[in-house]
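Thanks for making the time, everyone. I would like to walk through one model this morning, going from the loops to the packing of the helices, and I will try to stay with what the coordinates say.

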Amino acid sequence: MSDTLVITGIIAVYLAVTLWVGLRGGRQSSASVTGYVAGDRQFGLLVMYFVTGATIFSAFAFLGGPGWAYSRGAAAFYILSYAVLGIAPWYALGPRAARVGRRMGFVTQAQLLVGRFPSRELSALVALLSVIAFIPYITLQMRGAGIVIEAVTGGLVPLWAGAAVAYGIVLIYVLVGGVAAVGWTNTLQGIFMLTLAWILGIYLPWSLHGGVEPMFREILAERPELLAVPGLTGGGEPWGWGAYSSAILVSAVGLCMWPHLFMKAFTAKDERTIRRTVVLMPTFTLFLIPVFLIGFAGVMVVEGLDQPDFILPHLILSAELPILLVGLFCAGALSASMSTGDALLHATASVAVEDGIRPYRPLSEGAQRALMRVLVVVSGAVAYLFALDEDQSLVVLLLSSYGIIAQLAPPIVAALYWRRATTAGAVAGLVAGSVVTLSFFLRPELSPWGIHEGVLGLVVHLPVLVGVSLATRPQPAEHAHRFVAAAAGKEEDAPAAR
Amino acid sequence: MKRLGGRPPLRAVRVGVTLFFVLYLLTVIWPGGILFAGPEPFILGLPFSFFWPTSLVVLGFGALVLLYWAEEADRGHPPSGGPGTSSGAGGFDGPGGSGGPGVSGSPRPVQELPGE
């Protein structure tokens, strides 16, 4: 019992420090809307690095990753593959988006799209899709926080209460600080996650199996199906190559299209910062290795855990670890959830107001900020309701969101590179892609070879975007040319700032 | 802007890195992935199916570092420190005094090359 108290104490201290850092960071950003949404475009490399890393690797990686490795084996490796493949295109896209954003004062993804394809409906559609994709993602993070707290307290604090406390704190600092707070707390939390994952990923296989190779040899002898790609489904059947490959594809395409990541292009101090962040990203991806090792460490030790997402806390608590380490781990896992959750909540509200409401109704700066804060609370509440009901695995929740978010890639790429793309083409493609994705999401049994619905959506999206663009009148050459030139950084052609 | 002698042209590096990532993709999805899907042999204690995507992450990092250095060199920034160390964490770093002509002292650190 005293152990529980110590762990709870460590978590309480951790939460307090997070809150303090968050509030402190928040004071430094200005009171304008740009300040709230884009952090005054002042993030340097260190903060950018951890913001991006902590945002990408969330409760999904920290709890879902081991959960998948434990229950579905090699299926989890898809995460390892898409993480780098997904960030690499950002090396080219990010600086382009940043240049246009800086030049024309964009703070959201939809503003960039509408800057090229003037259409309020496009803006509203992007906002709607983003919010639809964000909710399960936030739900995932909340469940993650709840899982950690429930496991640690031995069920004393149930999932719903744990999630409520952790996200109460996230709400406070998001409401007070905006994105600057998000940046500083993510720096703290990112450092936490990296260190602990490696410590545990090496310690657990050694203490439970006498090393990494002996552990895998044991698994190979007893459960060889876990070590061959594409691994197993959640139900323990062999997973298909179609599903595995398309999971990689849809996640790689969608990764940098997440509005909370995309908007980082507008918060970056300069373009080199963005490029450096991309270059360093694979070092974050390597952190999945210890995460998977932790999951595999549980295979021969823990029999048939009901909810595989609990495997990490389960192992930590049953292994004889120093109590301080257990406490710090719990803080680390919580931080993984919270650092992504805060960025998501913030982005959901920003996108809903900036792109969903403002194109239709002009708002004063003060009203906008107030509305954003209301929406932070509302979206948090909606996600929280889903977190209570949902019994899907964390990875499955995220993979579903990716199908929708991947549909934002074609119009973004077209806006930045393809002069011949038209507004009608962009809208038609987005509508067609989203409808197909949602249809197959609702009727997954119709999908050939188990291919992810998002990939099927893209298969329809691309020809529609290209076909309708070519069939409609080209945009005024000057407009399209200037926009693409501004993205390419050719100053003399750039339109004046808005 | 003049390229530093002895380096492969930026364009070649870009093409090479892009090709690498295409190959990367092809070896992890169907059908290429089938060749790299089995658990054996074990390398560095990891089953091959785990080692393969892991080594690709490391190689991917290398490819991106190479691309970054090539671009920095092409812009006239000395590539010496690498992406992790070439600037202070928070500071707006200029070209460090030894930048190429026309870049040193410029408030804009990035100047896109023609022909991208």
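B:L44 sits in the loop that runs between helix 1 and helix 2 of chain B, and, since what we have here is a predicted model, I would read its backbone with some care. The phi of B:L44 is positive, about 55°, although the residue is not a glycine, and B:L44 is exposed, with a relative accessible area of 76%. As a reminder, most residues other than glycine have a negative phi, and most peptide bonds are trans.

The peptide bonds of that loop deserve a look as well. The bond from B:W30 to B:P31 is cis, with omega near 0°, and B:P31 belongs to the loop between helix 1 (10–26) and helix 2 (48–75) of chain B. The bond from B:E40 to B:P41 is also cis, with omega near 5°, and B:P41 too is placed between helix 1 and helix 2 of chain B.

For context, chain B contains two helices and zero strands, and 46% of its 116 residues count as buried. Its exposed surface comes to about 5900 Å², of which carbon and sulfur atoms supply 69%. If we take the contacts in chain B between residues at least 6 apart in sequence, 52% of them join residues at least 24 apart.

Chain A offers a positive phi of its own, at A:W449, where the value is near 55° in a residue other than glycine. A:W449 is found in the loop between helix 22 (423–442) and helix 23 of chain A, and with a relative accessible area of 73% it is exposed. In helix 23 (residues 453–471) itself we find A:H461, which counts as buried because its relative accessibility is 0%. Leaving aside residues up to four places away in sequence, A:H461 touches A:Q407, A:P410, A:P411, A:G429, A:L430 and A:G433.

Let me turn to the core. Which residues have the most contacts inside the largest nonpolar core? That core has 185 residues, and the ones in question are A:Y78, A:Y82, A:L112, A:F216, A:F292, A:F296 and B:F50. Helix 8 (residues 120–152) of chain A gives the most to this core, namely 17 residues. To take one of the hubs, A:F292 touches B:F50 and also, among others, A:G65, A:A69 and A:L80, not counting residues up to four places away in sequence.

A:L80 comes up again in a helix pair. The axes of helix 5 (residues 77–87) and helix 15 (residues 271–285) of chain A come within 9 Å and cross at roughly 170°, and, as that angle is over 145 degrees, the two helices are therefore roughly antiparallel to each other. Helix 5 of chain A contributes A:L80, A:A83, A:V84 and A:I87 to the contact, while helix 15 of chain A contributes A:V278, A:M281, A:P282 and A:T285. By class, this contact has seven nonpolar residues, one polar residue and no charged ones.

I will finish with A:I169, in helix 9 (residues 159–177) of chain A. Is A:I169 buried or exposed? At 14% relative accessibility it counts as buried. A:I169 and A:L15 are 154 residues apart in sequence, yet 7.7 Å apart in space, C-alpha to C-alpha, and A:I169 touches A:L15, A:L19 and A:M338, again not counting residues up to four places away in sequence.

Definitions and conventions: Residues numbered from 1 in each chain as written. Chains lettered and ligands numbered in written order. Predicted model: local features only at pLDDT ≥ 70, side-chain atom pairs only at ≥ 80, totals over all residues. Heavy atoms only, no water. Axes fitted to C-alpha atoms, helices over the stretch in contact; angles between N-to-C directions. Helix = DSSP H or I, 4+ residues; strand = E, 2+ residues; numbered from the N terminus. Parallel < 35°, antiparallel > 145°, perpendicular 65-115°, else oblique. Contact = heavy atoms within 4.5 Å. Nonpolar A, V, L, I, M, F, W, Y, C, P; charged D, E, K, R; others polar. Core = buried A, V, L, I, M, F, W, Y, C linked by side-chain atoms within 4.5 Å. Buried < 20%, exposed > 50% of the residue type's maximum accessible area, 1.4 Å probe, protein only. Areas by Shrake-Rupley, 256 points an atom, 1.4 Å probe, with all protein chains shown as cover.
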